[in-house]
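Trainee: I have a model open on my screen and I'd like to learn how to read it. Could you walk me through it?

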Amino acid sequence: MNTADRFRAAVESRDHAALKELFTEDVRFYSPVKFTPFEGRAMVLGLFGVLLRIFEDFRYVGRFDGSSRTSTDGAETASEVLLFRTTVNGREIHGIDLLHFAEDGRIKEFTVMVRPQSAVRALGEAVLAGLVEDGLVPAGGNPARD
């Protein structure tokens with residue numbers, strides 16, 4: 001089973017512990033609601049703890065693989081796109097997870113894109129509340145500016 005398959009299985013089963021070995025130590029996570037990426041395995045795992053709590057009826061509905069350039073260093077890497085559907089606070093979300101892989105097969109960069117805009121807002125509010133609740137970011141911040 002490749003990294004994308006293992007990632008998909010961990011997310012769909014909400015197995016937070018299984019995610020740890022799938023990310024590089026310096027993984028970057030580009031969010032649809034935050035300008036700068038979340039950086040480092042500990043922070044990304046914390047974010048996934050929040051996401052796995054707030055997603056309702058999460059499911060992957062398709063996939064594409066190939067290669068693409070990373071945002072971090074512009075290197076072309078093996079990549080996979082996983083299409084998903086979920087609900088957050090009553091808002092249906094359509095989205096994609098773009099995974100970039102390091103040479104050892106682990107995920108080194110992760111980009112999420114979602115639609116529609118009302119879902120982006122609902123997701124941003126729910127994620128911020130979860131990050132504050134878990135002590136990962138201070139209360140009163142504006143993730144869109146960060």
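Mentor: Sure, we'll go through the sheet, a few single residues, a helix and then the cavity. Keep in mind that this is a predicted model.

Trainee: Let's start with the sheet. What order do the strands come in?

Mentor: The general idea is that strands of a sheet pair through backbone hydrogen bonds, either parallel or antiparallel. Here six strands make an open sheet, and reading across you get β2-β1-β6-β5-β4-β3, with mixed pairing. At the edges sit β2 and β3, each of which pairs on one side only.

Trainee: Which strands run parallel?

Mentor: Look at β1, residues 23-30: β1 and β6 run parallel and are joined by four bridges. If you want a landmark there, find Tyr 30, which stands opposite Thr 111 of β6.

Trainee: And on the other side of β6, how does β5 pair with it?

Mentor: That pairing is antiparallel, with eight bridges between β5 and β6. You can trace it by its partners: His 94 is bridged to Arg 115 in β6, and Phe 101 has Ile 107 of β6 as its partner. The two strands form a hairpin with five residues between them, and Gly 105 there has a positive phi near 95°.

Trainee: What about β3 and β4, how many bridges do they share?

Mentor: Eleven bridges, again in the antiparallel sense. One pair to click on is Arg 63 with Leu 82 in β4. β3 and β4 also make a hairpin, this time with six residues between the strands, and Gly 74 in the turn shows a positive phi of about 75°.

Trainee: Now single residues. You mentioned Thr 111; is it buried or exposed?

Mentor: A residue is called buried when its relative accessible area is under 20%. Thr 111 comes out at 11%, so it counts as buried. This residue is in strand β6. Setting aside neighbours within four places in sequence, its contacts are Tyr 30, Ile 96, Asp 97 and Leu 98.

Trainee: Can loop residues be read that way as well? Take Leu 22: where is it?

Mentor: Leu 22 lies in the loop between α2 and β1. With a relative accessibility of 2%, it counts as buried. Outside the four places either way in sequence, Leu 22 touches Thr 3, Arg 6, Phe 7, Arg 106 and Ile 107. You can also compare sequence with space: Leu 22 and Ala 4 are 18 residues apart along the chain, and their C-alpha atoms are 8.9 Å apart.

Trainee: Let me try another loop. What does Pro 116 count as?

Mentor: Pro 116 sits in the loop between β6 and α4. Its relative accessibility is 29%, so it counts as partly exposed. Try the distance check here too: Pro 116 and His 94 are separated by 22 residues in sequence and by 7.4 Å from C-alpha to C-alpha.

Trainee: That loop leads to α4. Why does the length of α4 agree with what a helix should span?

Mentor: Use 1.5 Å a residue as your ruler: the 17 residues of α4 should span 24 Å, and the end C-alpha atoms are 24 Å apart, so the two agree. Just after α4 comes Gly 135, with a positive phi near 75°.

Trainee: Which residues of α4 are buried?

Mentor: Colour these: Ala 119, Val 120, Ala 122, Leu 123, Gly 124, Ala 126, Val 127, Gly 130 and Leu 131. Their cover includes β2, α3, β4, β5 and β6.

Trainee: Last topic, empty space. How many cavities of 30 Å³ or more are there?

Mentor: For a cavity, ask whether a probe that fits inside can get out; if it cannot, the space is closed off. The count here is one cavity of 30 Å³ or more. About 190 Å³ of space lies in the largest cavity. It is lined by 21 residues, and those closest to its centre are Phe 29, Leu 51, Phe 55, Asp 97 and Val 112.

Trainee: Which elements supply that lining?

Mentor: Two or more residues each come from α1, α3, β3, β6 and α4. The largest share, four residues, is from α3.

Trainee: And what classes of residue line the cavity?

Mentor: The lining has 19 nonpolar residues, one polar and one charged.

Conventions. Residues numbered from 1 in each chain as written. Predicted model: local features only at pLDDT ≥ 70, side-chain atom pairs only at ≥ 80, totals over all residues. Heavy atoms only, no water. 1 Å grid on protein atoms, 1.4 Å probe; cavity = no way out; pocket = protein on both sides within 12 Å on 5 of 7 lines; lining within 4 Å. Points joined across faces, edges and corners; volume = space filled by probe spheres on them. Nonpolar A, V, L, I, M, F, W, Y, C, P; charged D, E, K, R; others polar. Expected span 1.5 Å × (residues − 1). Buried < 20%, exposed > 50% of the residue type's maximum accessible area, 1.4 Å probe, protein only. Contact = heavy atoms within 4.5 Å. Pairing = 2+ DSSP bridges.
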